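Q: Please take a close look at the inside of this protein. Start with its packing and move on to the open space. Keep it short and clear for a beginner.

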Amino acid sequence: MDAGLKTISIGMLGAGVVGSQVARLLQSDRQELSDRSGALLVLKRVGVRSNTPREGIDAAMVTSDLHSIVTDPEINIVIEVMGGIEPARTLILEAIKNKKSVITANKALLATHGHELFNAADAAKVDLYYEAAVAGAIPIIRSMRESLAGDQITRVMGIVNGTTNYILTKMHEEGREFADVLKEAQTLGYAEADPTADIEGFDAAAKAALLASLAFHSTVTIDEVYCEGISKISIADINAAKAMNAVIKLLAIAEITVKDEISVRVHPVMLPHSHPLASVRDAFNAIYVESEAAGELMFYGRGAGGAPTASAILGDLVAVTRHRAYSTVGYGESDYADLDIAPMSEVKSQFFVRLHVADISGVLASIAQTFASEGISIQTVRQAGIGKDAELIVVTHSATEAALTSCLNKLESMEIVTKVESAIRVEGAVS
Ligand code: HSE
C-alpha cells in the first residue's frame, strides 16, 4: 500500500445487513479499493440508532450520535444505509452542507425528496450517488445516466422487487397460493415482517420513479407512480397464464407516450415466455431498456442482500473518491426535459379479463357487446368449464384504462355475470 496516498475518511449511517457488508468489504478489499481509487479508504465512524455491538465493526467507531458523523470535519464521504425518510433526509442535507459527498441506498427518500437533495448536492458541489437504490447489484443507474446519455430511451420495464418475484415464481412453478408462499418468503428472510411495501408495490414504485426520472430527464416522485401489487393474484390467474404460455410478473414500467408524457406505473403483467423478462426467476431482478439507437438491452442480477447491495455502494465509493482526487464531482441529475406525467386513465394496454358467467345461449354475445360498447376489441375468448358457473377468459386488443374500467363496471352489473375475477394487463404476444 502506498504510504503517500491521501486518506479518505468515511462515515456510515446504519450498520444492518448492507452496512455490515460494506464494512467487511472495505476491510477485506482494502488494497484493491485503494489501488482503484487512488486513496486510502478508511471507515472512521459508524452511526447506529441502538448502540448494540455489531459483528465485524470495531466498537470504538460505533456511535448513536448520528449528527456527529455528518458534521465531523475529518469525514469526507458519508454512506447512508439506514433507510426511511427521517432522520435520513436531515442527516444527508447536513452532510452535504458540510461538503461531504454522499452515497445512499435509500430509494424511498430519493423518490420523495430527490429534487431537494440533488439540488443541495449541486449547490454544495459534492456528489450524491445512489447506484444501490435500484435493483441492488445491477449497475442500472450508471448505465442510464452515463452509458445511455447519448441515446433516447423510450421504455424501461423492470422486475425490481425480489420478494414479489420470488412469490410469483413459486406460485407458478409449485402451484401454491399467494398467502402460503408469502409465509415461506418471510421465514426465509426475503419478505419483511411487514411485507406491505413489497407486495403492494410501493418498493417497486420508488424504484420506478428513479428509473423514470433518469430515463426521461425529468423529476418523477413516488406519488406520481400508479401502483398495484400482487396480493390479488390467485392461482387461477397463474394457471390461466400458464395455459397461454405466459407468466405473471410484477413490473415497474416507465415509458414515453405519443403525447410526449411519461407513463410510470407498477402492476402485475402477463408476459409471454418468449419475453426476456419472463425467464427472470426467484428473487432475481432484471431491467429491460428500449432506446432508439441501442435497441433492446437487458440488465440482470441480484436486487437485494448485503453483499450485492454493498457491491453497488463500493462502486460509487470508488467513483466519488476518484472525483475527489481531481477536486471535481460527477454530472448531477438531469431534469431539463421536465415532462408531464400521463394520466393513468389514458394509458393503453392489452388486458386479460377472467370472469364467471352463466353458461346459457346468448351470454357470449352479450359479453362481447359490452366490450364493444366501450370500443374494446377482443383478441381471443376461451371458455373453461360448463354449467351454471362457466369461466370465460377474454384477451383484448389494446384499450385505455378508462375504457377497461368502464367495461368492467358494466360487466359487474350484468345479471349473467357471477363475478369479474380479475383483470391483468398483458404485454407482448399472449393469446
Ligand atoms: N425488499 C426489496 C426486494 C429489496 O424484495 O427486492 C430492497 O429494495
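A: Two residues are in contact when they have heavy atoms within 4.5 Å of each other. Keep that in mind for what follows. The model is predicted.

Begin with Ile140. Leaving aside residues up to four places away in sequence, Ile140 touches Glu131, Val134, Leu211, Ile287, Val289 and Phe299. Ile140 also belongs to the largest nonpolar core, which has 81 residues. Five members of that core touch the most other members: Ile140, Met144, Ile167, Met171 and Met270. Which helix gives this core its largest share? Helix H10 does, with 11 residues. Another core lies apart from this one. That other core has 33 residues, including Leu41, Ala310, Ala312 and Leu317.

Now step back to the domains. The domain assignment splits the chain into three. Domain 1 takes in 6-136 and 306-325, domain 2 runs over 143-300, and domain 3 covers 344-426. The centres of domain 1 and domain 2, taken over C-alpha atoms, are 28 Å apart. Their contact takes 11 residues from domain 1 and 15 residues from domain 2.

Next comes the open space. The largest pocket has a volume of about 1,400 Å³. It is lined by 48 residues, and the closest to its centre are Val18, Lys107, Glu192, Asp203 and Ala304. Where does the lining come from? Domain 1 and domain 2 each give at least three residues. Several elements each supply at least two lining residues, among them helix H1 (17-28), helix H5 (107-124), helix H7 (162-174) and strand E11 (284-291). Helix H10 (202-216) is on that list too. H10 makes the largest share of the lining, four residues. So H10 turns up twice, with the largest share of the largest core and the largest share of the pocket lining. What kinds of residue line the pocket? There are 20 nonpolar, 17 polar and 11 charged residues.

Finish in the loops, with some backbone details. Most residues other than glycine have a negative phi, and most peptide bonds are trans. Three spots here depart from that pattern.

Take the peptide bond first. A cis peptide bond joins Glu86 and Pro87, with omega about 10 degrees. Pro87 sits in the loop between strand E4 (77-80) and helix H4 (88-97). Is Pro87 buried, partly exposed or exposed? Its relative accessibility is 29%, so Pro87 counts as partly exposed. The partly exposed range lies between the 20% and 50% limits. Pro87 touches Arg49 and Met82, again not counting residues up to four places away in sequence. The C-alpha atoms of Pro87 and Gly114 are 15 Å apart, while the two residues are 27 residues apart along the chain.

Then come two phi values. Lys99 is not a glycine, yet its phi is positive, about 65 degrees. Lys99 is in the loop between H4 and strand E5 (101-104). Asp282 also has a positive phi, near 55 degrees. Asp282 lies in the loop between strand E10 (262-272) and E11. Asp282 has 24% relative accessibility, so Asp282 counts as partly exposed.

Technical notes. Residues numbered from 1 in each chain as written. Predicted model: local features only at pLDDT ≥ 70, side-chain atom pairs only at ≥ 80, totals over all residues. Heavy atoms only, no water. 1 Å grid on protein atoms, 1.4 Å probe; cavity = no way out; pocket = protein on both sides within 12 Å on 5 of 7 lines; lining within 4 Å. Points joined across faces, edges and corners; volume = space filled by probe spheres on them. Nonpolar A, V, L, I, M, F, W, Y, C, P; charged D, E, K, R; others polar. Domains from an automatic or database assignment. Core = buried A, V, L, I, M, F, W, Y, C linked by side-chain atoms within 4.5 Å. Buried < 20%, exposed > 50% of the residue type's maximum accessible area, 1.4 Å probe, protein only.
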